[in-house]
Amino acid sequence: MAYDAEDCEFQILNDGKIVISVQEESDLAENETDEDEDNINNVSSKDPSNADTFSALETVVEWYEQQSECCPTQLLLLKRIIDHAAKKRRCTMVQGKISDCFP
């Protein structure tokens with residue numbers, strides 16, 4: 001008991017103070033959630049589409065092939081990346097089966 005009285009963090013809260021404390025914590029949590037959702041929406045809206053990415057990579061490959069210091073190994077790597085982008089673009093363009101929606 002004597003230790004509790006000396007504890008700096010020990011406070012006696014009545015019902016009113018408890019309610020106010022919980023409401024403040026709830027308001028802080030809601031504000032953080034709203035900010036997190038805003039950040040997620042902003043990030044996702046800035047991402048390029050699969051079609052845009054594929055188009056940009058095609059341009060990069062065409063440009064790189066025209067360079068005098070074009071390295072076949074790096075060109076192959078770029079072509080593998082463009083193949084990956086093409087697969088992603090094709091997946092978004094293909095209509096899925098209705099059975100895929102229901103496991």
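## A tour from Phe-54 to the cysteines

Begin by selecting Arg-89 and Phe-54, where the charged end of the arginine sits over the phenylalanine ring, 4.0 Å from the ring centre. The model on the screen is a predicted one, and every distance in this tour is computed from its atoms.

With Phe-54 still selected, bring up its contacts, leaving aside neighbours within four places in sequence: Ile-82, Ala-85, Ala-86 and Arg-89 then appear around the phenylalanine. Phe-54 also belongs to the largest nonpolar core, a set of 9 residues that continues through Leu-57, Val-61, Tyr-64, Leu-75, Leu-78, Ile-82, Ala-85 and Ala-86. Colouring by helix shows that α3, residues 50–65, and α4, residues 72–93, each supply at least two residues of this core, and that α4 gives the most, with 5 residues. As a general background to such a cluster, nonpolar side chains tend to be buried together in soluble globular proteins.

Zoom out for a moment to the whole chain. The protein chain has 4 helices and 0 strands, so that a cartoon view followed from the N terminus on reads α-α-α-α. Buried residues make up 9% of the 103 residues in the chain.

Return now to helix α3 and select Tyr-64, which lies in that helix and is one of the residues of the largest nonpolar core. Tyr-64 counts as buried because its relative accessibility is 11%, under the 20% limit. When neighbours within four places in sequence are left aside, the contacts of Tyr-64 are Glu-69, Cys-70, Cys-71, Gln-74, Leu-75 and Leu-78. Among these contacts, Gln-74 deserves its own selection: its side chain makes a polar contact with the side chain of Tyr-64, at 2.5 Å, while the C-alpha atoms of the two residues, 10 residues apart in sequence, are 9.3 Å apart in space.

Add Trp-63 to the selection next. The structure holds 1 aromatic pair, and Trp-63 and Tyr-64 form that pair, with 6.3 Å from centre to centre and 40° between the planes, an arrangement that counts as tilted. What separates the two partners in exposure is visible in a surface view: Trp-63 counts as partly exposed, at 49% relative accessibility, whereas Tyr-64, at 11%, counts as buried.

One step back along the chain, select Glu-62, which also lies in helix α3 and is partly exposed, with a relative accessible area of 48%. A line drawn from the C-alpha atom of Glu-62 to that of Leu-75, 13 residues apart along the chain, spans 9.9 Å; Leu-75 is itself a member of the largest nonpolar core.

For the last stop, select Cys-70 and Cys-71, both of which are among the contacts of Tyr-64. Why is the sulfur of Cys-70 not bonded to the closest cysteine sulfur, in Cys-71? The sulfur of Cys-70 is 7.2 Å from that of Cys-71, which is too far for a bond, because a disulfide requires the two sulfur atoms to lie within 2.5 Å. Cys-71 is likewise in no disulfide, and a search of the whole structure finds 0 disulfides. Both cysteines can be picked out in the surface view, since Cys-70 is partly exposed, with a relative accessible area of 24%, and Cys-71 counts as partly exposed at 27% relative accessibility.

Key. Residues are numbered from 1 along each chain as its sequence is written. This is a predicted model: local features need pLDDT of at least 70, side-chain atom pairs count only at pLDDT 80 or more; totals for chains, interfaces and linings use all residues. Side-chain values use heavy atoms; hydrogens and water are left out. Rings of Phe, Tyr and Trp (its six-membered ring) pair if their centres lie within 6.5 Å; planes under 30 degrees apart count as stacked, over 60 as edge-to-face and the rest as tilted. Buried means under 20% relative accessible area, exposed over 50%, partly exposed in between (1.4 Å probe, protein chains only). A charge sits over a ring if NZ of Lys or CZ of Arg is within 6 Å of the ring centre and within 35 degrees of the ring normal. A nonpolar core is a set of buried Ala, Val, Leu, Ile, Met, Phe, Trp, Tyr and Cys residues joined through side-chain atoms within 4.5 Å. Contact means heavy atoms within 4.5 Å. A polar contact is a pair of N or O atoms within 3.5 Å; within protein, one must be able to donate a hydrogen and the other to accept it, and residues adjacent in sequence count only if both atoms are side-chain atoms.
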